[in-house]
Amino acid sequence: MLLKVTGLTAVIVATLPRVAFAARNSLRTVRTGVQPGNKTRLVIETSARPSYSISYPNNQIVITLSNTSANHSLAPAMAAGTLVTAITQVQSGDKLQIIADLAQPIKQIPRESIMLLNPNGDNDYRLVIDFMAGTGANAATVASSQTNNTAVKQKTTPARKYTIVIDAGHGGKDPGCIGKGGTKEKVIVLSVAKKLKDKLSAAGFNTYLTRSDDTYLKLAQRASIGEKKHADLFLSLHANANPSRSMKGFSIYTLSEKASDEEAQKLADAENAADKIDVSGFEQFDKDIRIALSSLQQHAVAAMSVEYAKGCASQFKRAKITQQPGPDVRHAPFAVLRSTVPGALIELGHLSNASEESLLKSASHQDKLVAAIVKSVQAYDFDV
Ligand SMILES: [Zn+2]
């Protein structure tokens, strides 16, 4: 009994008879996507928590689901640019095999790249597998060892700790913007960043700060810390200044080479100007900061960043933190966000506004900002 799907639309080559046994589980959907780092993501959605094994013989990945019935009207959502060329379902007794044909052999799939997610929102249980093309001798070895050792058993839910890199903007000779009362942006954002690190660590995340003291860092250096730590999310914290002293509120930005509006472009220019500050004795720690991203990767990173940023804006609003007039999420070419790590630049408020300046200095308001960001990170769907 075979159902085969090729390309972007479903082509049913054989009609699957309704299954005679009463399976505990049933297949809902299969979809593929492109992930940062040139990875292909395969998502298998089932009505109940799946019991599964995975093997990946040459140019295939085979997922065997026990006690599961096929979906006779399956129309997999096949993204362009993945390694998957076709998906086939094979029902054998109460076992359902999902076979993905691949354009190339793949590298060994590390345990943390196989995730089992509980239902949320519109999604049922999801088995998520990320993999990438293998190269040269390495791939051949993996492939042959896989044929000898047919199935990689994954019986327990893989626990993966997500990594968050928190970037306190400015520092050292670069104070950032300065409030009427003399409050420096670099001081406020470092204080919030440290509190955020503590709270996120307590909530079970791996956390790193780009700077933990009053140090100047180039923007690319900050971005490359996100890369080096293999961060899942990069958060750059800032506070704003506006020629109009009455302007207040937070605003949230993601990377785009074209700004969403003139104000966003001006802000990006101001934040990017941090790199123009001359600091003698500074050693370039990473010259090659322009990571060559394929357009598909850029698209995936941008989509994940916007998803995070929207969730972040909604947590801020829920916490009744004043929002700067304008859209929830804006886009601009912020150098600090230029990487393969999804992320956002959060302007916590306006130091140019007297009342907001004193709020930003207060421990209680900083705690409120931190609590909202923690919620936004917890609510963010890191996997799909
Ligand atoms: Zn700033």
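## The E7–E8 hairpin

In the hairpin of E7 and E8, 2 residues lie between the strands, and Gly93 takes a positive phi near 65°. Strands here are DSSP runs of E with at least two residues, helices are runs of H or I with at least four, and both are numbered from the N terminus. This is a predicted model: local features need pLDDT of at least 70, side-chain atom pairs count only at pLDDT 80 or more, and totals for chains, interfaces and linings use all residues. Residues are numbered from 1 along each chain as its sequence is written.

Strand E7 (residues 84-92) pairs with E8 in the antiparallel sense over 8 bridges. Two strands count as paired if DSSP finds at least two bridges between them. Thr88 stands opposite Ile99 in E8. Strand E5 (residues 60-65) is also joined to E8, by 6 bridges, and runs antiparallel to it. There, Leu65 stands opposite Leu96 in E8.

## Two faces of E8

In a regular strand the side chains alternate between the two faces of the sheet. Strand E8 (residues 95-102) shows this alternation. Leu96, Ile98, Ala100 and Leu102 point to one face and are buried. Lys95, Gln97, Ile99 and Asp101 point to the other face and are not buried. A residue is buried if 20 or more other C-beta atoms lie within 10 Å of its own, exposed if 12 or fewer, and partly exposed in between, with C-beta atoms placed from the backbone.

## The chain overall

The protein chain holds 7 helices and 17 strands. Of its 384 residues, 39% count as buried. Among contacts between residues at least 6 apart in sequence, 78% join residues at least 24 apart. Two residues are in contact if their C-beta atoms, placed from the backbone, lie within 7 Å.

## The six-stranded sheet

An open sheet of 6 strands runs in the order E13-E12-E14-E17-E15-E16, with mixed pairing. Its edge strands are E13 (206-209) and E16 (329-332), each pairing on one side only. From one strand to the next, the twist averages 25°. Axes are lines fitted to C-alpha atoms, for helices over the stretch in contact, and angles run from 0 to 180 degrees between N-to-C directions.

Within this sheet, strand E15 (residues 251-255) and strand E17 (residues 343-350) run antiparallel and are joined by 3 bridges. Ile252 stands opposite Ile346 in E17.

## Helix H2

Helix H2 (residues 185-202) lies across strand E12 (163-168), E13, strand E14 (233-240) and E17. Its direction is at about 145° to E14. At 1.5 Å a residue, the 18 residues of H2 should span 26 Å, and the end C-alpha atoms are 26 Å apart, which agrees. The expected span is 1.5 Å times one less than the number of residues. Just after H2, Gly204 takes a positive phi of about 100°.

Buried residues in H2 include Ile188, Val189, Leu190, Val192, Leu196 and Leu200. Charged side chains are not absent from the list: Glu185, Lys186 and Lys197 are buried too. The buried residues of H2 pack against E12, E13, E14, E17, helix H6 (354-361) and helix H7 (363-379).

## Helices H6 and H4

In H6, Glu356, Glu357, Leu359 and Leu360 are buried. Seen down the axis of H6, these residues fall within an arc of 165°, so they line one face of the helix. The arc is that of the directions from the helix axis to the C-beta atoms. They pack against H2, E14, E17 and H7.

Helix H4 (residues 262-272) has Ala264, Leu267, Ala268 and Glu271 buried. Seen down the axis of H4, they fall within an arc of 100°, so they too line one face of the helix. The buried residues of H4 pack against E14, E15 and E16. Ala270 also sits in H4. Ala270 is partly exposed, with 14 other C-beta atoms within 10 Å. Ala270 and Asn240 are 30 residues apart in sequence and 9.9 Å apart in space, C-alpha to C-alpha.

## Positive phi outside glycine

His230 has a phi near 50°, a positive value in a residue other than glycine. His230 lies in the loop between helix H3 (219-228) and E14. His230 is exposed, with 12 other C-beta atoms within 10 Å.

Lys320 is not a glycine either, yet has a positive phi of about 60°. Its place is the loop between helix H5 (295-318) and E16. Lys320 is exposed, with 9 other C-beta atoms within 10 Å.
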